[in-house]
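Work through the following exercises with the sequence and the model at hand. Each task is followed by a solution that proceeds step by step.

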Amino acid sequence: MSKKNALVRLTAIHNHISNQPQPTGPVDLKRERENATFNIKHMNWLFWGDKEFAEALQVAFLIIQRDPDLCFPAGHHFDLTIPEQREFTMRQIFRYRQLKGSLKNSLMLKAFELAMSMYSESFLMKIYVHDTLFLQSFQLFGTNEQNDSYLDDILKWKVIGCFAMTELGHGSFLRGLETTATYDRETDEFIIHSPTLTATKVWIGMAGQTATHTIALCQTIVNGKMYGVNWFIVQLRDQKNGRLLPGVTAGDIGAKYGRNGLDNGWIQFSHVRIPRTNMLMKWAKVTQEGKYIPSANPEISYSPLIGERLTVLSESVNIFGQFLTIACRYGCVRRQGANDEQIMDYQSHYVRLMPCVASTYVIEIVNRMIMNKWLGIMKLAQTNQEEFASHLPDMHAISTGLKATISWWGCEVLERVRRSLGGHAYSSYNAIGGAIGDWGVITTGDNYVLLQQTARYLLGCFRKVSQDSEIIGSAEFLNNFQQILSSTKSTLSDESQLLNLNYTLEMYTWLCFKMIETVATNIASSTTDEETTWNNNQVDAVKLGELYSYRFTLSEYMKAIEEYSKSTTSEFKALVPILIKLGNLWAIHLIHDSLGLFLERGYFNGEQVQMIKKCYLELCKEIRKECIPLVDSWGFPDFILKAPLGKFDGDVYPAYFNIMRAAPDCIGVPSYWEKYIKPLTNSE
């Protein structure tokens, strides 16, 4: 490197880390915001559902930011020790409970909870374990008497609950769970027991230090006969002193790479006796005489897992939204290259990020649609068990598919963000490392198992339509299988066709059909036993589940666009053009990502593939022009982002450097100098 080039490089480095205001960042972001072809405020209303909720969310952000018990008051939360993180998270929950009691407006309560969930992943998980997994178990499976006994204390957090499903040797494979609940007729009690080491309940949120009670999933044994898994209320700790009760051994899981404010734990039961009435008996029952009465619809016992899996949608919007905001703002502030270009203008940069931005809009809109549907179905559990059960197979397939595909896509999104931040991503203060760790808990389960469940459902539906039965629900597109499979080659002849969502959905639907046909044909023609046959087709089955799930996001998003185009709300109707553009990018991304599968089946020729690639790059470039207005529309304040590189005003470098300078022990002689460094530097 010449002296001149070295001087230029050193000057650039000095400008980047200088404690002087960076002159280009604020100007660049101001110019980027002027590129918007839509109203950012109105897009913010649409993204969060409506104007009232979006405005309530901004008020909630302000409440959190100004409250020292909710918002970390000084320094940086990444510098906290694990015990300090645990205490701070519990302090947040304590304060949250106080404020929640004073907020009488239901919309404000909902906004406050969402805003807190955005601010802290550990807070989100503690609230989720107690208010959703634990509480919902009572609501779905508890009798009126059980709900009368517990719900009030649960809502007040006098009883703090966790959900003990997964085991050391079996994960969430329910049929393989070993923990037993054996009925003792003489005492009218169940005996909860962990018969082996592998029966240890593990990775149970809040079991490590916090929870006083748990819902334990146990194999039910009555009169020596095993009746499968049921749900049991077991107290873990004394509510006055926090000590474990006799027969309960529980501890913290130890070091992990994310959500350190949450005390994941393990539990072992040693012949713990509970009243018979501690079995949740709304559906399945055990009488005092020792008679087991099964549920008329056993699949109901798995229904809470549907809601749990669907939460991946809202969590992804929270995480994707925050970190794409950081990445896009930094990409438009950071300048580098021969002409000091914005790095966001490099094709290799924006092509990685723009499909992620589009996906965030798609997922949030689909999330609202599917959760509204699920909440409506949930109400049936209280009134019409048979109708409730009739919806479960389809919802199960949707939830398993989305949990797997969106959590995998989340890993990809966060990795793309990490790379886009360059070396600064390695700093905890820019948050992406912590986010990747936090997101890891979403994907710790084996998504391959989930997608096989989805594939089995689709193959069952395919058998039905092959026998002239009609399918309703998410797989109803299979009803047209003969018509669609009659087409063997794409009719694509002009790039404008790729900007028609109905056309691209039809393309992707064709691929789903072909994958179903492939798996079904291979299974039908196999000469091996059923288990071996399935194992030999697992890879294709998993891909089938993935294609179906992505197709579902696209088709549901298209339904939403159609509704917005008919909306009487003029502000939302005006946003349809940009929503269509985002949908087009998501659709072409899905097709582009599956080109290998299309080519294997001879659907596209080389010219058509080049047309798709060209369209993909052009759509990414179009969305790049509005990337800052699009991420601004999500409305995440700087204190929620917790990353100086994502500052709204674009003045990122002074903020970043000030955080580094404020780090503990940033400047000074280290404690180990005298012992290890001085003997080296002062040796003879």
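**Exercise 1.** What percentages of helix and strand does the chain have over residues 501–681, and how many Å apart are the end C-alpha atoms?

Solution. Before reading off any value, note that this is a predicted model, in which local features need pLDDT of at least 70 and side-chain atom pairs count only at pLDDT 80 or more, while totals for chains, interfaces and linings use all residues. Residues are numbered from 1 along each chain as its sequence is written, and side-chain values use heavy atoms, with hydrogens and water left out. Over residues 501–681 the chain is 75% helix and 0% strand, and the end C-alpha atoms lie 69 Å apart; helices (H or I, at least four residues) and strands (E, at least two) are DSSP runs, numbered from the N terminus. For residues 501–681, an unreviewed UniProt entry gives the feature "domain: Acyl-CoA oxidase C-terminal", with the reservation that UniProt annotations, whose positions are given in the numbering used here and whose feature names are shortened, may be inferred rather than shown by experiment.

**Exercise 2.** Describe the protein chain as a whole, beginning with its secondary structure and ending with its charges.

Solution. Start with the count, which comes to 25 helices and eleven strands. Next, compare the radius of gyration, taken over C-alpha atoms, with the globule rule of 2.2 Å times the number of residues to the power 0.38: for 684 residues a compact globule would have a value near 26 Å, and the 27 Å of the protein chain agrees with this. Along the principal axes, the C-alpha atoms fill a box of roughly 90 × 75 × 60 Å. Buried residues make up 54% of the 684 residues, where buried means under 20% relative accessible area, exposed over 50%, and partly exposed in between (1.4 Å probe, protein chains only). Of the contacts (heavy atoms within 4.5 Å) between residues at least 6 apart in sequence, 75% join residues at least 24 apart. Finally, the protein chain has 67 positive and 71 negative side chains, the centres of the two sets lying 3 Å apart; here Lys and Arg count as positive and Asp and Glu as negative, whereas His and the chain ends are not counted, and the place of a charge is taken as NZ of Lys, CZ of Arg, CG of Asp or CD of Glu.

**Exercise 3.** Which residues does UniProt list for "binding site", and where in the chain is Thr166 placed?

Solution. The unreviewed UniProt entry lists Thr166 and Gly205. They span 40 residues in sequence, yet no two of their C-alpha atoms are more than 10.6 Å apart, so they gather at one spot. Thr166 is placed in the loop between strand S1 (161–164) and strand S2 (180–184). Not counting residues up to four places away in sequence, Thr166 touches Gly171, Ser172, Thr200, Lys201, Val202, Trp203 and Ile204.

**Exercise 4.** Is Trp586 buried or exposed, and which residues does Trp586 touch, not counting residues up to four places away in sequence?

Solution. First locate Trp586 in helix H19 (residues 576–593). With a relative accessible area of 1%, Trp586 is buried. Under the stated sequence exclusion, Trp586 touches Pro355, Ala358, Ser359, Val362, Trp409, Tyr550, Thr553 and Leu554.

**Exercise 5.** Compare the settings of Ser194, Ser295 and Lys30.

Solution. Ser194 sits in the loop between strand S3 (189–193) and strand S4 (201–204), and its relative accessible area of 11% makes it buried. Setting aside neighbours within four places in sequence, Ser194 is in contact with Thr179, Ala199, Ile267, Gln268 and Phe269. Ser295 lies in the loop between strand S11 (292–293) and helix H9 (304–333) and, at 14% relative accessibility, also counts as buried; with neighbours within four places in sequence left aside, Ser295 is in contact with Trp283, Ala284 and Gln385. Lys30, by contrast, is found in helix H2 (residues 24–33) and counts as exposed at 54% relative accessibility.

**Exercise 6.** What is the phi of Asp340, and what is the phi of Lys642?

Solution. Begin with the background that most residues other than glycine have a negative phi. Asp340 has a positive phi, near 55°, and lies in the loop between H9 and helix H10 (347–380), where Asp340 is partly exposed with a relative accessible area of 39%. Lys642 also has a positive phi, near 60°, and is placed in the loop between helix H23 (638–641) and helix H24 (652–661); its relative accessible area of 17% makes Lys642 buried.
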